[in-house]
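Hi everyone, thanks for coming. I'd like to walk you through some charged pairs and then a pocket, so have a look at this with me.

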Amino acid sequence: MGLYQVIEVKPKVFVWVPDDVIDQECDPQFNRAATAGFIFTADAVVVVDTANNPFHARELLYEIRERTDMPIKYVINTSAAADHMLGNEVFTDQQATLIATRAARAGMQKYREELFDRLRGDEGWRLQARMRGFHVTPATETFDGEMTFTEGGQEIRISSLLHDAASSQDAVVYLPAAKTLFLGEFYANHYFPRIGGRDVRRWIEVLRQVEGWDVDT
């Protein structure tokens, strides 16, 4: 067992929760893995986020394969932040479609370009040692605002929630039947989340909005 837990929060809805440790094999700017998840539908698996390196993504894949041999059809990235998507490459080997907001895919592409520059810069030797063999893999399918689809009888809604949907990189994943919500970058348990250039008032508006949804997990 790695330094993580897998919890079935609802029937066929799982979360992968990493221990609070600092990873050495990752981008040092994103040295803690984000929580991930996976959903079993009647005929396929949907993954939510892929953590901060391919090693954690392989742990996630291992836990999925311990429970099912169904194909992994979709990976939903709730953010362009590296701690949510640096494991994407593992799931391209599974022929999964990678979904994110259009702005998030642009953010992933920008991260990849800037990483090349960093590898050639002063910290290059450190990054090469910590990220050897990593392949930054942006989303392959995008949306603006909201995307809803049904897979194997499970309705899945992905929404950026913010008013400027075309420029929003962050999204949430809502399972109406399971009354379960993956909040991604909008909520960090036990931590004040990274704000960066985000509008704090609008972030609070998002949290108030989802409080009114029919969600219990």
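**Charged pairs and a pocket**

Let's begin with Glu123, which counts as partly exposed at 26% relative accessibility. Please keep in mind as we go that this is a predicted model.

Which residue does the side chain of Glu123 meet in a salt bridge? The partner is Arg118, and the N to O distance is 2.8 Å. Arg118 itself is buried, with a relative accessible area of 14%; the cut-off for buried is under 20%. So on one side of this bridge we have a buried arginine, and on the other a partly exposed glutamate. There is also a third member here: Asp27, Arg118 and Glu123 are joined into one network by salt bridges that share partners.

Stepping back for a moment, how many salt bridges does the structure hold? The count is 10. As a general reminder, side chains of opposite charge can pair when their charged atoms come close.

Now to another of these pairs, Arg67 with Glu63. Their closest N and O atoms are 2.8 Å apart. Both residues sit in helix α1, which covers residues 54-67. Because they are 4 residues apart in that helix, about one helical turn separates them. Is Glu63 buried or exposed? Glu63 is buried, at 7% relative accessible area, while Arg67 is partly exposed at 36%.

The next pair is Asp20 and Arg32, which form a salt bridge with their closest N and O atoms 2.6 Å apart. This one links distant parts of the chain, with the two residues 12 apart. Both belong to the loop between β2 (13-18) and β3 (36-40). Arg32 is partly exposed, and its relative accessible area is 36%.

Let me finish with the second largest pocket. The space in it comes to about 150 Å³. Which element gives the most to its lining? That is helix α4, residues 102-120, with 4 residues. Among the lining residues are Arg112, Leu115, Phe116 and Leu119. Others on the list include Gln128, Met131, Arg132, Phe134, His135 and Val136. By type, the lining divides into 6 nonpolar, 2 polar and 2 charged residues.

If you take one picture home, let it be the network of Asp27, Arg118 and Glu123, with Arg118 buried in it. Thanks for listening, and I'm happy to go back to any of these on the screen.

Note on methods:
Residues numbered from 1 in each chain as written. Predicted model: local features only at pLDDT ≥ 70, side-chain atom pairs only at ≥ 80, totals over all residues. Heavy atoms only, no water. Salt bridge = Lys/Arg side-chain N within 4 Å of Asp/Glu carboxyl O. Buried < 20%, exposed > 50% of the residue type's maximum accessible area, 1.4 Å probe, protein only. 1 Å grid on protein atoms, 1.4 Å probe; cavity = no way out; pocket = protein on both sides within 12 Å on 5 of 7 lines; lining within 4 Å. Points joined across faces, edges and corners; volume = space filled by probe spheres on them. Nonpolar A, V, L, I, M, F, W, Y, C, P; charged D, E, K, R; others polar.
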